[in-house]
Amino acid sequence: MTQAAMRLGITGGIGSGKSTVCALLADKGIPVIDADAISRACTAPGGAALPAIAQAFGDAVFEAPGILNRDAMRALVFDQPQARAQLQALLHPMIAVEIERQASQAALASPPCIAFDIPLLVESKRWRTVLDRVLVVDCQAQTQIDRVMQRSGLTAESVQKIMAAQSTRAARLQCADYVLFNESVTIDEIGQQLAAIFPFLEISSRHWKNSA
Ligand code: ATP
């Protein structure tokens, strides 16, 4: 009988390196379920969340019928915590259903672990109850700012505003079973840190796929 996959949540502040860590896990054959991608799909043209968003926030957050104005939506939720809570209450159940659908699909290959890339894991308490372990990708606030500015062209103030709307670094670290400190390390070194935390990464994906 094969053992159930460990459900590993990956989280971290903006620009901490979650995607980088997830790409390394995926390279090792670990299925990665991307909550952000699912969230974007829910709010893309024709997305499942659009009718409820229109009902809750009205035309002001739409470019055209069925096409969300992401800048307007983002501005609204950053400026109004109540609107942010309302949007989250609306999106999270939909995202959760799709995450579980993808997880069931991934489990068919009997991997030792399924990774869940969930940026707002700490903010949304329910995640903790459906995950076995949480890996927090951590770095200094200034490094987050530098990386995001370099990647997106946002100003330091804009990045700080996003960071202020996320959990604090201390709150994230409190939720961690494992911490990967992604500061002044190369991608290879991150891979080594992951292999030290998760010895099963040394086993090739072919092994567990064959033993399914
Ligand atoms: P977001 O929350 O915005 O999705 P993230 O936490 O997924 O970000 P990444 O996209 O992995 O973070 O990393 C942010 C940027 O920093 C990327 O351009 C990535 O290539 C770079 N980066 C991450 N880790 C390192 C590192 N150790 N050395 C150099 N660059 C890095």
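The shell around the ligand in this predicted model comprises three nonpolar, seven polar and three charged residues. Of the 13 residues that make up these surroundings, Lys-18, Ser-19, Thr-20, Arg-151 and Asn-182 come nearest to the ligand.

Polar contacts to the ligand involve both backbone and side-chain atoms of the protein, as the following table sets out.

| Residue | Protein atom | Ligand atom | Distance |
|---|---|---|---|
| Gly-15 | polar backbone atom | oxygen | 3.1 Å |
| Gly-17 | polar backbone atom | oxygen | 3.0 Å |
| Asn-182 | polar side-chain atom | nitrogen | 2.7 Å |

On its own, the ligand has 630 Å² of accessible area, and the protein covers 70% of this. Two elements, α1 (18-27) and α7 (141-152), give two or more residues each to the shell around the ligand. The largest share, three residues, is supplied by α1.

A second topic is the geometry of helix α5. This helix runs over residues 81-107 and holds 27 residues. Its expected span, at 1.5 Å a residue, is 39 Å, and the end C-alpha atoms lie 36 Å apart, which agrees. At Leu-91, α5 bends by about 30°. A proline, Pro-93, follows the bend within four residues.

The bend residue, Leu-91, is also among the buried residues of α5. The others listed as buried are Ala-83, Leu-87, Leu-90, Ile-95, Ala-96, Ile-99, Ala-103 and Ala-106. In an α-helix there are 3.6 residues a turn, so residues three or four places apart point the same way.

Methods
Residues are numbered from 1 along each chain as its sequence is written. This is a predicted model: local features need pLDDT of at least 70, side-chain atom pairs count only at pLDDT 80 or more; totals for chains, interfaces and linings use all residues. Side-chain values use heavy atoms; hydrogens and water are left out. A residue is near a molecule or strand if one of its heavy atoms lies within 4 Å of it. A polar contact is a pair of N or O atoms within 3.5 Å; within protein, one must be able to donate a hydrogen and the other to accept it, and residues adjacent in sequence count only if both atoms are side-chain atoms. Accessible areas come from the Shrake-Rupley method with a 1.4 Å probe; for residues, only the protein chains shown count as cover. Ala, Val, Leu, Ile, Met, Phe, Trp, Tyr, Cys and Pro count as nonpolar, Asp, Glu, Lys and Arg as charged, and the others, Gly among them, as polar. The expected span of a helix is 1.5 Å times one less than its number of residues. The bend at a residue is the angle between axes fitted to the seven residues ending there and the seven starting there. Buried means under 20% relative accessible area, exposed over 50%, partly exposed in between (1.4 Å probe, protein chains only).
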